[in-house]
Amino acid sequence: MTTTQQNFTLTGDPLSLDRIRSILIRLEDTIIFSLIERAQFAHNPKVYRRGEFQELQAAGFTGSWLEWFLKEIESFHAKARRYTSPDEYPFTNPAELPDPILTGIEFPQILYPNKINVNPSILSFYTRSIVPRITQQATLTLSAAKRANGIIGDDEYEDDGNYGSASVIDVEVLQAISKRVHYGKFVSESKFRDHPAAFIPHILNPNRAALDALITKPEVELKLLQRLRKKAELYALNFAPDGQPINDVSMRKIDVDGVVELYEHYIIPLTKEVEVDYLLARLEGMSQEQIDSLMTSKKS
């Protein structure tokens, strides 16, 4: 597991926007490097289709190879109480995961109680759109090698048989994207506590557009994408034996545009959906007296 971690038991405000920003920037590195590793293998669409592996069906599992892989890994992680942390969300139905073996850590109350989990959307988009895009070069290289061995037509594309290796990296990418997207809850909670009166009217009279406007900072998003592109361009470089970078687009380890578009068209919009969904649930179960108190408070 190589995903970015935050130690909630240390002193310091976990809702500090500077601390949140540092986590999100570190997650950029995790996501880019994991995508680079996944790009080394072909698409292998069989991994993502349900019912493709008779071995799984014989064992009573009806999902895809990747879904099985996720369940097995997340079952182990659940025993180690991973999903008791406020920034961790499983792709497997929590009801199907075992209880932790270890006694739980007493985390501070950071987020307002909620059941928001968009991992099904992340899994669908990743397998349908991201994997085919980032593995295109490996898939083309595979097809050339197969043609050289007399394999032509549909059989020359997509599948290099590395189902286990590809799925190990898939899990790392998915876990990192999930953490990044669900960190939108921390952003929303931080902003809500700073100025609850700005949000409460749009929560009581649900107005997604108004809430989205309150949390959206176009200049911040632009800087994020600029930074991400620079990182992806640097990390995608190969180097000569003498250490000099090989600045040849055809030799890059990953499609840089694909990484930027992943953030621009999917991760950022979905994160903002999570932020708004969290805000809309922020007053659930609260009395009118509690809400009135928030409205008059400077910082909650």
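## Overall architecture

The protein has twelve helices and two strands, and the model described here is a predicted one. Read from the N terminus, the order of the elements is α-α-α-α-α-α-α-α-α-α-β-β-α-α, with the two strands written one after the other and followed by two further helices.

Taken along the principal axes, the C-alpha atoms of the protein fill a box of roughly 75 × 50 × 35 Å. Among the contacts in the protein with a separation of 6 or more, 71% are accounted for by residues 24 or more positions apart.

## Burial, surface and charge

Of the 300 residues in the protein, buried residues make up 46%. The protein exposes about 15,700 Å², and carbon and sulfur atoms supply 53% of that area.

The charged side chains comprise 34 positive and 41 negative ones, and the centres of these two sets lie 4 Å apart.

## The cavity

When the whole structure is searched, one cavity of 30 Å³ or more is found, and the space that lies in the largest cavity comes to about 40 Å³. The residues that line this largest cavity are Glu74, Arg82, Tyr83, Glu88, Tyr89, Phe91, Gln175, Ser178 and Lys179, a list that includes charged side chains such as those of Glu74 and Arg82.

Helix 6, which spans residues 163-182, gives the largest share of the lining of the largest cavity, namely three residues.

## Two residues with positive phi

Most residues other than glycine have a negative phi. Against that background, Asn44 is worth inspecting in the model, with a phi near 55°, a positive value in a residue other than glycine. Asn44 is found in the loop between helix 1 (17-38) and helix 2 (54-58). Because its relative accessibility is 0%, Asn44 counts as buried, the cut-off for that class being under 20% relative accessible area.

Arg81 likewise has a positive phi, near 60°, and is a residue other than glycine. Arg81 is found in the loop between helix 3 (65-79) and helix 4 (119-134). With a relative accessible area of 22%, Arg81 is partly exposed, since that class covers values between the buried limit of under 20% and the exposed limit of over 50%. The two residues can thus be set side by side: Asn44 is buried, whereas Arg81 is partly exposed.

Note on methods. Residues numbered from 1 in each chain as written. Predicted model: local features only at pLDDT ≥ 70, side-chain atom pairs only at ≥ 80, totals over all residues. Heavy atoms only, no water. Helix = DSSP H or I, 4+ residues; strand = E, 2+ residues; numbered from the N terminus. Buried < 20%, exposed > 50% of the residue type's maximum accessible area, 1.4 Å probe, protein only. Contact = heavy atoms within 4.5 Å. Areas by Shrake-Rupley, 256 points an atom, 1.4 Å probe, with all protein chains shown as cover. Charge placed at Lys NZ, Arg CZ, Asp CG, Glu CD. 1 Å grid on protein atoms, 1.4 Å probe; cavity = no way out; pocket = protein on both sides within 12 Å on 5 of 7 lines; lining within 4 Å. Points joined across faces, edges and corners; volume = space filled by probe spheres on them.
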